[in-house]
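Colleague: I've got the new model up on screen. Walk me through it, please.

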Amino acid sequence: MQLPDFQNRLALPDEILLSVEKPARYIGGEINAVKKDKRRVAIRFAMCFPDVYEIGMSHLGIQILYEMFNRYEDVWCERVYSPWLDLDRILRKEKIPLFALESQDPVKDFDFLGITLQYEMCYTNILQILDLSGIPLLAKNRGADCPIVIGGGPCVYNPEPVAPFFDLFYIGEGETAYRQLLDLYLENKAAGGDRKQFLLRAAREVPGIYVPSLYDVTYKEDGTIASFGPVREDVPKTIRKEIAMDLDRVPYPDKPLVPYLKPVQDRVVLEIQRGCIRGCRFCQAGQIYRPVREKSLETLKEYAAAMLKHTGQEEISLNSLSSSDYSRLEELVDYLMETCREKKVNISLPSLRIDAFSLDVMGKVQDVKKSSLTFAPEAGSQRLRDVINKGLTEEVILQGAAMAFAGGWSRVKLYFMLGLPTETEEDIWEIARLCNRIAAVYYDVVPKEKRNGPVQIVASTSFFIPKPFTPFQWASMCTKDAFLQKAGLTKHAIHEQLNQKRIKYNWHEADVSVLEGVFARGDRRVADVILKAYEKGCLYDAWGESFHYDRWLEAFAECGVDIGFYNSRTRSRDEILPWDFLDCGVSRDFLWKEWERAQAQILTPNCRQACQGCGARQFGGGVCFEKREDMDS
Amino acid sequence: MKVRIKFSKYGALRFIGHLDLMRTFQKALRRADIDVTYTTGFSPHQVMTFAAPLGMGLCSIGEYMDIEVDSHRGAADLKERLQAACPEGIDILSVRALPEPEPNKKVISAMASVSAAAYAAVFKDGTRSFSDWASQSEAFLSQTEILSQKESKKGTVTVNLRPGIRELHVEDGALVFTVDAGSRGNIRPEQVTECFFAFLGVRVPANALQLIRLELYADRGTPEKPDFVPLEALGEEF
């Protein structure tokens, strides 16, 4: 009798795989996963997204770097995700080391462990990854038997709260300096150099590299930073972000991985541009990814076709911070609609401004009856929208809603923030009134016989968290109680509206926002709290079911770290901020000017209207060199 | 045209659940550029049905799915292209056309056809063998009642497996058996091995066995005189 192969060549035995929730998270072997002969590569790179598989597999940045590294013949890049809580317990109990998916080999055997930091609430998961891998949590305790632990992603624009856990950080876009870093690693190894020598040379020679152990910080009596700088003369004082200027020439995954499990983003993702011209003052992405750089239409067509062919995915989604600002959107969408109709592929168009064009396109590609439209006014009143530089007027919102209702939509989602600088009770009342006016538009625009059920407005509020490298980096943030009071007022105000039954209101958890605020603008002293909280069992803090605020408060108290110091203070212009040694291309003076204009409620034009001299022009390309209306004269 | 595809599932794919297997095939068919028929309506999907879900951890050399195609270049071409698009752990074993139904009748789908399933059980680590108990299989089958306890929402239910066990013997160190499946009344292979060990008075640790589905059968006979044929036998070469 011929029996099929059931030999287990995985890191986990059958009995463990069959006892956990979704064993497919841990087996690798997905379509388009890269297999190499480990004896024939010089460098093994473990790329980690410190959250559960279905989340991590949805992340575009990892797929880009996976593609880039594996194009190098001498490198094998594999993936690592956080084991879910069930497997976490088993790995600890059975003392099984954490492994990478492709080879199923222990992470500790790798040359590098790269961890992407996409949101602050994953910080305890970093420690879980290190711990389960058998790598000392503090970089200073690591020896030759440990991989070099690298941090990357948007949160490294303030790496200080996690600085002691990393050997180095890569600041900016990964496509430019990694090869240089890897070559240096090989060279150092061949010359018999040790870990310390590699880190020192990386800090000195490779652009965009921050080695926290080579920098020292001192504090004043009031707790603010007295000095921050390198411990040696030959290590750079500031580190400028890395940026890829020609996006048509950077590696892009034309064969993205196709997971067995349904990921959060179950579609191919087409990145159309990086950066945003808008300059909303609360938005970190709008500053740190400057300047806007577009991909050419030809490149995008090529990638779209290749990705669909190699994955068999049924949906394609455009990725950018503001798709409507892509200069050739109409042509791109026409092309996609044509090819996708033929192949029965759905098109998903997030981050579109609601106007006649986008409604027309969405009407063609989506089932209007099922879908809802999203507006992000962020603030209820025009006054506060001016403060945050959200150049969206109530007139535009109501017109967009009217067009949408006339086009058959009856569900609208609205996103707002509570606790923005200068916010008053009146601004909160305006959130409720705006929702009410949008509901009223429906009854004005759509005659009774054409109504597809009653209108549904879903208003969601998140709590404003000041982020580094934004004009609001100097602003104070609300306390948990203040947040909850504001959410309570919003609820009350909505309840007072004529159309209140048609408005559903959701708000975020306030305690998670408080922690996010501390991690966003914290310094190295916050690392003690993260370590302490992890030791108390905090893990998967972004997941409501495993978030324990009480344990976090204990950790803060035991470490003598005051939440209010980080969240509730308005910073002065001359205070040294923990991230001031990084240069994201946008100058501190520009951000300060924007902070002042915010307080004066003055709008700032976007990059295509008029250059504000933010500093991003130094990178020598992108929107900064486009021909603009104001350049004609 | 309706096409019946027989495939195997083994190796690490033992840990892929049924829904994920379906998703895997949906995408594989698209990568293979097979001209699958889509349902009409606003969100069209591929016309595709599976015969019987396979439990997590099991492997199989007798899985079936039916698809419908608008055009094709022959079974060999279809098989080759689908195989090339499948991950390691799925082998396409046969591709056959289901005959056009008689007027006013519908094609009986793979799922509706299933009446019985054959399984093999072996010890994963190879340290033990069912050959030790080869002589007891007849005695096991000669019982009038083989009672199996099943946990359900309403508490423990006892069912008699004996009428549903069509055949059982030891072969090459494996316990091989055919049991009722599908709408006729589904017997899980674990129920049979548990009862067998209980009969022998032998204790076997959980997960010691690997269960393998060998074949799925349709019944062309009558309730009194069943005639089990593999599902692929209902299709034709093309």
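Colleague: Let's start in chain A. How many bridges join strand 17 to strand 18 there?

Modeller: Five, and the two strands run parallel. Strand 17 covers residues 456–463. One matched pair is Ser460(A) with Asn506(A), which sits in strand 18. Bear in mind that this is a predicted model: local features need pLDDT of at least 70, side-chain atom pairs count only at pLDDT 80 or more, and totals for chains, interfaces and linings use all residues; side-chain values use heavy atoms, leaving out hydrogens and water. Residues are numbered from 1 along each chain as its sequence is written, while chains are lettered from A and ligands numbered from 1 in the order in which they are written.

Colleague: What counts as a strand, and when do two strands pair?

Modeller: Strands (E, at least two residues) and helices (H or I, at least four) are DSSP runs, numbered from the N terminus. Two strands pair if DSSP finds at least two bridges between them.

Colleague: Which strands make up that sheet, and in what order?

Modeller: It is an open sheet of four strands, 15-16-17-18 in chain A, with parallel pairing. Strand 15 (373–378) and strand 18 (503–507) are the edges; each has a single partner strand, so one side of each lacks a neighbour in the sheet. On average, neighbouring strands are turned by 20° against each other, direction ignored.

Colleague: Which helices lie across it?

Modeller: Helix 14 (residues 425–445) lies across strands 15, 16, 17 and 18 of chain A, at about 170° to strand 16. Helix 15 (residues 480–495) lies across strands 16, 17 and 18, at about 175° to strand 18. Axes are lines fitted to C-alpha atoms, for helices over the stretch in contact, and angles run from 0 to 180 degrees between N-to-C directions. Contact means heavy atoms within 4.5 Å.

Colleague: OK, on to the six-strand sheet. What is its order in chain A?

Modeller: The order is 2-1-3-4-5-6, an open sheet with mixed pairing. Strand 2 (75–81) and strand 6 (209–210) of chain A stand at the edges with a single partner strand each, so one side of each has no neighbour in the sheet. Strand 4 (residues 148–152) and strand 5 (residues 168–170) pair in the parallel sense over two bridges. There, Gly151(A) is matched with Phe169(A) of strand 5.

Colleague: And which strands does helix 6 of chain A lie across?

Modeller: Helix 6 (residues 178–190) lies across strands 1, 2, 3, 4, 5 and 6 of chain A, at about 135° to strand 1. Helix 7 (residues 195–205) also packs on the sheet, touching strands 3, 4, 5 and 6, and makes about 30° with strand 4.

Colleague: Switching topic. How much area is buried between chain B and chain A?

Modeller: About 3000 Å², with carbon and sulfur atoms giving 63%. That is the accessible area (1.4 Å probe) that two parts lose on being put together, summed over both. In chain B, Phe15(B), Arg30(B) and Arg31(B) lose the most, together 23% of what that side buries. The contact involves 36 residues of chain B and 36 of chain A.

Colleague: How many salt bridges cross that interface?

Modeller: Five. The rule is a side-chain nitrogen of Lys or Arg within 4 Å of a carboxyl oxygen of Asp or Glu. One of them is Glu314(A) with Lys27(B), at 4.0 Å, N to O. Over all chains, the structure holds 71 salt bridges. Another is Lys295(A) with Glu271(A), whose closest N and O atoms are 3.2 Å apart. Those two residues are 24 apart along the chain: Lys295(A) is in the loop between strand 12 (293–294) and helix 9 (297–311), and Glu271(A) is in strand 10 (residues 268–271) of chain A.

Colleague: Last one. Where is the cis peptide bond?

Modeller: Between Arg290(A) and Pro291(A), with omega about -10°. Pro291(A) sits in the loop between helix 8 (285–288) and strand 12 of chain A. Also look at Tyr540(A), which has a positive phi of about 50° without being a glycine. Tyr540(A) lies in the loop between helix 17 (525–535) and helix 18 (549–559) of chain A.
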